[in-house]
Each structure stands twice: as structure tokens, then as C-alpha cells.
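Work through the exercises below with the sequence and the coordinates open. Each task is followed by a solution in steps.

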Amino acid sequence: MKRITLSATCLMASVGLVSAAEVAPENVEYDEYGAVAVSLSGTAGDAAAGRVVVSTKSQGNCVSCHAISELAEEVPFHGEVGPPLDGVADRWGEAEIRGIVANAKITYDGTIMPSFYKTTGYIRPGDAYTGKAATTDTLPPLLTSQQIEDVVAYLMTLKEE
Amino acid sequence: MKLKSLKTVTSSIAMLALGAGIASADEDAALIINGETEMVVRTEAPAHLENMDEIRSGWTFRSAETQALQMDDFDNPGMIFVDQAIDTWNQVSGSEEKSCASCHEGPESMKGLRTQMPKWNEAAGEVWTTEMYINDCRENRMGADKWGWNAKDMVNMTALIALQSRGMPMNVAIDGPAQATWEQGKEMYYTRYGQLELSCANCHEDNYDNLIRADHLSQGQINGFPAYRLKNAKLNSIHARFKGCVRDTRAETFKEGSPEFIALELYVASRANGLSSEGPSVRN
């Protein structure tokens, strides 16, 4: 009796790990404007963690193309390839922002902005920044589902109005 | 010897200035080397360039401190390597006991060559870069070992050869037998490689003059090559630069000397037609 309860708990725990609510990159549903309504990780985003992802070179590195005034003091050298993200939450809702961060090419056809939640469809994909060929057919996405949710949560704090 | 240590000091000062901030240079600054050779660093884009009106040397995008290093040969750290190449030029090497000078006399005999490179080699039936011509002479005319594409002797020699064309306008042929290779290079220029899906054009055509993080994006021209980079304190070949840019898109790069990079070199070189040949230039 005791034993059975134990294995049932184990089962529950492992299901929890895989997270039934996580949406894999190939299953993300974009609406016709590129917005994504459903959380990719199933867990609420953490704005503070997202702030780190946005400004860290080995993670989102969004500041290489976007200026964010709120970060300027701590993180020097913001790029100007994309528009400043100040007030982005006034311009877009959460679903639109999630869609842009996950795969901006659906919202903006042909944009230079990389697709952060995508694993296939590349020309000469490499093994990260080594210059060598990728070792697997599908690449790990540039950001995990939780990192995307964290970034979305952070961007939702960038309001000016 | 004294000269050399002076140069090292100058370049580390420049590095400091670089780290301290992006001192934007004067937009209209003129590049006059040693107070006498005026270089064309901005000019009308060649007719085959569809999306740009003006072409600009990478020099125009650099900080005032970095720019200054290229304005005087005593400050240009790349010139030490040119001196080394002069020694190599005169040095007998290989089973035929010949030096470059045995057949080509002085390096001045190479005047104008850099402006046409890379070019169609009739005998080989393909486009050849300067490196390929040099290695052909070493292997087949001197009986000497080939140099590696990025070997010091090779890059230094390409700097000595480039210097003979300093101030002359780039004038790479893109028609005739070279055209198919040029088309291949052009297609590569607009291909979005790697996991970041970025083409050369995304950065160097659509976004030149913009900052990408701390880097002020230039047009990615190669009229200044080989280029002395403060970042790695040596002369860099064209293909080494290409390799770095492709790698930074999280792509599998091509090799130095590969048919792909030769084609890309031809295309990129042709985008600078009209700008002065500047090698060895100074970049960060």
C-alpha cells in the first residue's frame, strides 16, 4: 500500500518536471498577426529574471540591438539596430510581445531580429559561436520557454504612460 | 627596435580610448596619410550596387583615436609587418634558390595589383586571390612550401603588395569569366546564415552607421585589407574577417581559401570599387 502511493507520487513528480503546460517551439500557435496568447512555460514570468536575460550577452542580448533607458546605468553600450524598448508595454499587449520575442519574423516579415524560440529551418546552423557545424538536426532554441516568459514579464513593466 | 616599442605603446593607448567609450569621429574627416597621400574614403557607389548611393571606407566609422593611427606610417602598427615582408621578399627560399626579388625585382612591381584583386586567372580557369598567386610562385616557381592562408609570412606579404597600390581606386572586374563567381558571392552576401539568421547585408547594408552593442557598424568593405586590428594586435586577412563575421551569426563558417570565401571576396571587393586601396589599414 505504502509502496503504491510512493510510485504514484514519483509519477506525478516526473510529469511535473516535463511540465504538461510547456509549449514546445514547433507547437507554438501564432495568430495571424504573430501574437501568442498562451504562456510558453505554463509558469508565470519573473520580471527580474527577464531583465537579466535581456541584458546578458550569452542570453537574450536584446540590448545589442535595442536601447532600454531603465537599464542604461548598469549595462553600457545599447545598440540602435532596433527601436528603443522604452514604453513597449504601452504599444503592445502581452500576447503580441510574447509572439515578437518568440519569433519576430511572424509579426515583422523579414526582420533582422532573431527568432528566439525556434529550432529548425536554418542555413548552415552552427554549434553556438564555435564556427563549427551544429551537431544535432534541431538546435536548442536561443531562449527557453521560461526565459521567454521572464522577458515578456519584464517588457510588460516598460510603461511610460 | 625603439620604433617598435613606441608603436606598441601607441596601440595600447588606443585600446584604452576604445574601452572608455565610443568617441564618434568627425563624419567628414579626410584621410591623408603622412600628410601627402589623400585617400578616397567616401564616393558614389558603383552602378552594380543596387541598395546604396554612397560607399564609405571602414576608416570613416572608427573613433578619432583609431583613425589617427592610420594617418601616419610611424603610428600605423601594420607597417612593422610590411618591413618584415620586405625582408621576406628578398630572402632566397626553396629548391630553386630564388627570392621574390629574383623574378619580380622590387615590390613596386606589384603596383596596382591590389586594386584588381581577386581576379580571373586564365590559366587556372578560376578566380584567384593574392594569396593564391603568392603560393603559386612559392610552390611552382621557387620550390618552396606553401604558406598558410593566415600565416604571418603570407598576411605580411599581402600587406606589402597592398601598400604598392595605396591611394589607387579599387577596380575589381565583375564581368566576363569572373561573372559567375561574382554572382555566387553576391548570393552569399544576401544569405541569412546561422541560428541568428543574419546576412552580411543585414548588418553592413541595412544597418551601417548604427551601433550593434558597442560596435559602430561599417559597410564591411575590404579595401583596407589586410587590416591591423587593435583587438588582436596583428594583421588580419580578408577571409579571417569573413570567418569571424559568419561565426558571429551562430553559423558553420567556411574555411579560409574555400571556393565560397573566394567568391564572397570577389563580390565584397567589387562593392568598394572607387574607394582607395588602404592596406594595411588600422581598425579596432
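**Exercise 1.** How many residues does helix 3 of chain B have, and what distance does it reach from its first C-alpha to its last?

Solution. The model is a predicted one. Helix 3 of chain B covers residues 79-90, which is twelve residues. From first C-alpha to last, this helix reaches 17 Å. At 1.5 Å a residue the expected value is 16 Å, and the helix is close to that.
Next, sort its residues by burial, where buried means under 20% relative accessible area. The buried residues of helix 3 are B:M79, B:I80, B:F81, B:V82, B:A85, B:T88 and B:W89.

**Exercise 2.** Find the cis peptide bonds that precede B:P118 and B:P280, and place each proline in the chain.

Solution. Start with B:P118, which is joined to B:M117 by a cis peptide bond with omega about 0 degrees. B:P118 sits in the loop between helix 5 (113-116) and strand 5 (119-121) of chain B.
Then take B:P280. Its cis bond is with B:G279, and omega is about -5 degrees. The loop that holds B:P280 runs between helix 11 (259-271) and strand 11 (281-283) of chain B.

**Exercise 3.** B:R213 has a positive phi, and B:R250 has one too. Are these residues buried or exposed?

Solution. Take B:R213 first. Its phi is near 50 degrees, and the residue is not a glycine. B:R213 belongs to the loop between strand 7 (211-212) and strand 8 (215-216) of chain B. B:R213 has a relative accessible area of 18%, so it is buried.
Now B:R250. Phi is about 55 degrees here, again in a residue that is not a glycine. B:R250 lies in the loop between helix 10 (238-247) and helix 11 of chain B. The relative accessibility of B:R250 is 17%, and therefore it counts as buried.

**Exercise 4.** Which residues line the largest cavity, and how do they divide by class?

Solution. Count first: there is one cavity of 30 Å³ or more. The volume of the largest cavity is about 100 Å³.
Then list the lining: B:R114, B:M117, B:T130, B:E131, B:T158, B:F225, B:P226, B:N236, B:S237, B:I238 and B:E265. By class, four of the lining residues are nonpolar, four are polar and three are charged.
Finally, compare with Exercise 2: B:M117 is in this lining, and B:M117 is also a partner in the cis bond to B:P118.

**Exercise 5.** Where is B:G35 found, and how far is it from B:M71 in sequence and in space?

Solution. B:G35 is in the loop between strand 1 (32-33) and strand 2 (37-38) of chain B. Its relative accessible area is 68%, so B:G35 is exposed. B:G35 and B:M71 are 36 residues apart in sequence, while their C-alpha atoms are 7.6 Å apart.

**Exercise 6.** Describe chain A by its secondary structure, burial, contacts and annotation.

Solution. Chain A has five helices and zero strands, and its elements run α-α-α-α-α from the N terminus. Of its 161 residues, 42% are buried. Among contacts between residues at least 6 apart in sequence, 53% join residues at least 24 apart.
For the annotation, an unreviewed UniProt entry gives "domain: Cytochrome c" for residues 45-159 of chain A. Over residues 45-159 the chain is 33% helix and 0% strand. The end C-alpha atoms of that stretch are 17 Å apart.

Key:
Residues are numbered from 1 along each chain as its sequence is written. Chains are lettered from A and ligands numbered from 1 in the order in which they are written. This is a predicted model: local features need pLDDT of at least 70, side-chain atom pairs count only at pLDDT 80 or more; totals for chains, interfaces and linings use all residues. Side-chain values use heavy atoms; hydrogens and water are left out. UniProt positions are given in the numbering used here, feature names are shortened, and annotations may be inferred rather than shown by experiment. Helices (H or I, at least four residues) and strands (E, at least two) are DSSP runs, numbered from the N terminus. Buried means under 20% relative accessible area, exposed over 50%, partly exposed in between (1.4 Å probe, protein chains only). On a 1 Å grid over the protein atoms alone, a cavity is a set of points where a 1.4 Å probe fits but cannot get out, and a pocket is an open set with protein on both sides within 12 Å along at least five of seven lines; lining residues have an atom within 4 Å of a point. Grid points are joined across faces, edges and corners, and a volume is the space filled by probe spheres set on the points. Ala, Val, Leu, Ile, Met, Phe, Trp, Tyr, Cys and Pro count as nonpolar, Asp, Glu, Lys and Arg as charged, and the others, Gly among them, as polar. The expected span of a helix is 1.5 Å times one less than its number of residues. Contact means heavy atoms within 4.5 Å.
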